[in-house]
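Subject: A structure for you to look at

Hello,

I am passing a structure on to you, since you have not worked with it before. Please open it beside this email and follow along.

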Amino acid sequence: KAILAMSPEQRRALSPALKGKNEELTANMTPKQHEIVMAIANPQEVVAEELIQSKILRETYSERQLQEVMTDFWLNHFNIFIGKGMDHYFLTAYERDVIRPHTMGKFEDLLVATAESPAMLFYLDNWLSVGPNSEKATGVAAPGSHRGKWPAARKPGKRLGLNENYGRELMELHTLGANGGYAQKDVTEVARVFTGWTIKPPREGGEFSFDERMHDLGEKIVLGHRIKFRGKKEGLEVLHILAHHPSTAKLIATKLALRFVSDNPPATLVNRMAQTFLKKDGDIREVLRTMLASPEFWEEDDYRAKVKTPLEFVVSCLRVTEADITDATALSRRLQRMGMPLYGMQPPTGYPMKAEAWVNSSALLERMNFALALSTGRLKGVQVDSERLLDRQSTSPVVVRADSQQALEVLEASLLAGEVSQQTHQTIAARLDDPQISQRKLDDPARAPNVELIAGLLLGSPEFQRR
């Protein structure tokens, strides 16, 4: 109330004092009050934090699990780093309007949507790319233009020229792959094609815009295809060629199989998925259908073969415990400590999907600490009802709570569907007499076990690290 009663001048004076002390000041505030204080201290951070929290909440509570997995898959495939600058403002619309509507549609539609996205244009600097033969660079209008000549003014501090970042990543990461059959000349030609694909100034909305004055004159040759000078249509033509290329089909099939099946997906499965991609005009839903119906997908050796990424681990913990989240800030910070800050991968490669990137002693210790903090109620803004965990698998949770062995067996069924190795079961069972877990004093053998700690140990077990 005191902050709201301040004048604008007083709030501006307060702002520097809030740096680094928001959490202490807002400890007992409502989410709305917390947002007001954050907006005073750092309004940009409000946009970023709400985006990050919304992702955690959607992945935790959504009943459309495949939709959420595919959204995360494409966000990683078409990665954008939130810390560059205006991405703070562009990323919300990028996920909502570009990625989510196309997660299981036609790949070409998704590719075009990302190419026209202000977030992607800003992240890979294409919005600044100017063709060396363009009207803006030479001051000479394009053939057929009625504008005549105009000065090719250079803005102080901005380099006027061709930027190949997007052209390179478009072919190497988004479509063909590193060994997809293109050369450096193709990168340069694609960069020329996409000159003029820019964004309006932020004060004018920051939307996608095609500026023909920036577009490079003349025809281009991409992968042997002659691209006639047609302005924006050149880019759409190139995207169509890339979206239907066999190398693109193989790259997308490989990455999907890598995400869903194993770190070394069978070539037979990848080839079958790639064939579907080509036959079905890049229909992502049909490629997924081929994968799910394949015998390789159901191979016993590939069952629980994938190690969860930090995000998958955190979300699976929250889902299986039916956690109640009132503030996802602590969860976001835990993901940072696990090495996977949301929207925080700076290179355009996105986060790795193989186990080798996530399995090491430090990372596994961090996961165990998170599991124990969650189950024992030490995560601010997140609550887990241990009674509910027992209720799901036992009609007599009170009786179970009086027997540590029964509690362990019930929680194994509740949290891991009973799929626990003998070694994990025995390791935890051997600790049930530990006073910290059993809460038993030497003269009180009947004291109930600490269900919360047992649940935390199971969430941190090797079996729960796999999906």
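Below is what was found in it, starting with the whole chain and then going through a few places one by one.

Please keep in mind as you read that this is a predicted model.

**The whole protein**

The protein has 467 residues, and buried ones make up 51% of them. Its secondary structure comes to 24 helices and six strands. If you take the contacts between residues at least 6 apart in sequence, 67% of them join residues at least 24 apart.

**Helices α10 and α11, and the loop between them**

A good place to begin is the pair formed by α10, residues 165–174, and α11, residues 184–193. Their axes are 7 Å apart, and the two helices pack at an angle of about 125°. An angle that is neither under 35 nor over 145 degrees, and not from 65 to 115, counts as oblique, so α10 is oblique to α11. The crossing of these two helices is right-handed.

Which residues of α10 and α11 make the contact? On the α10 side they are G167, R168, L170 and M171, and on the α11 side Q184, D186, V187 and V190. Sorted by class, the residues of this contact are four nonpolar, two polar and two charged.

Now look at the loop between α10 and α11, where you will find T175. Is T175 buried or exposed? T175 counts as buried because its relative accessibility is 0%, and the cut-off for buried is under 20%. A polar atom of the T175 side chain lies 2.7 Å from the backbone oxygen of L170. L170 is also one of the α10 residues in the contact with α11. Setting aside neighbours within four places in sequence, T175 is in contact with F107, L111, L170, L242, S247, T248 and L251.

**Helices α13 and α14**

Some of those partners lead on to the next pair. Helix α13 covers residues 246–260 and helix α14 covers residues 267–279. Their axes lie 8 Å apart and the packing angle is about 130°, which makes α13 oblique to α14. This crossing, too, is right-handed.

From α13, the residues that take part are P246, T248, A249, K250, I252, A253, T254, L256 and A257. They meet L269, V270, M273, A274, F277 and L278 of α14. By class, the contact of α13 with α14 has 12 nonpolar residues, two polar and one charged. You may recognise T248 here, as T248 is among the residues that T175 contacts.

L269 of α14 turns up again in the surroundings of S294. S294 sits in the loop between α15 (284–292) and α16. With residues up to four places away in sequence not counted, S294 touches L269 and R272. S294 counts as buried because its relative accessibility is 1%.

**Helix α16 and the residue after it**

How many of the 11 residues of α16 are buried? The number is 10, so the helix, residues 310–320, is mostly covered. The buried residues are P310, L311, E312, F313, V314, V315, S316, C317, L318 and V320.

Just after α16 comes E322, in the loop that leads to β5 (324–325). Although E322 is not a glycine, its phi is positive, at about 55°. With a relative accessible area of 35%, E322 is partly exposed.

**Another positive phi: D125**

D125 is a residue other than glycine, and its phi is a positive value near 65°. You can find D125 in the loop between α8 (118–123) and α9 (135–138).

**A113 in α7**

The last stop is A113, in helix α7, residues 107–115. A113 and V98 are 15 residues apart along the chain, and their C-alpha atoms are separated by 5.6 Å. What does A113 touch, not counting residues up to four places away in sequence? The answer is V98 and H102. A113 has 15% relative accessibility and therefore counts as buried.

I hope this helps you find your way around, and I am glad to go through any of it with you.

Best wishes

Notes. Residues are numbered from 1 along each chain as its sequence is written. This is a predicted model: local features need pLDDT of at least 70, side-chain atom pairs count only at pLDDT 80 or more; totals for chains, interfaces and linings use all residues. Side-chain values use heavy atoms; hydrogens and water are left out. Axes are lines fitted to C-alpha atoms, for helices over the stretch in contact, and angles run from 0 to 180 degrees between N-to-C directions. Helices (H or I, at least four residues) and strands (E, at least two) are DSSP runs, numbered from the N terminus. A crossing is left-handed if the near helix is turned anticlockwise from the far one by less than a right angle, and right-handed if clockwise. Contact means heavy atoms within 4.5 Å. Ala, Val, Leu, Ile, Met, Phe, Trp, Tyr, Cys and Pro count as nonpolar, Asp, Glu, Lys and Arg as charged, and the others, Gly among them, as polar. Buried means under 20% relative accessible area, exposed over 50%, partly exposed in between (1.4 Å probe, protein chains only). A polar contact is a pair of N or O atoms within 3.5 Å; within protein, one must be able to donate a hydrogen and the other to accept it, and residues adjacent in sequence count only if both atoms are side-chain atoms.
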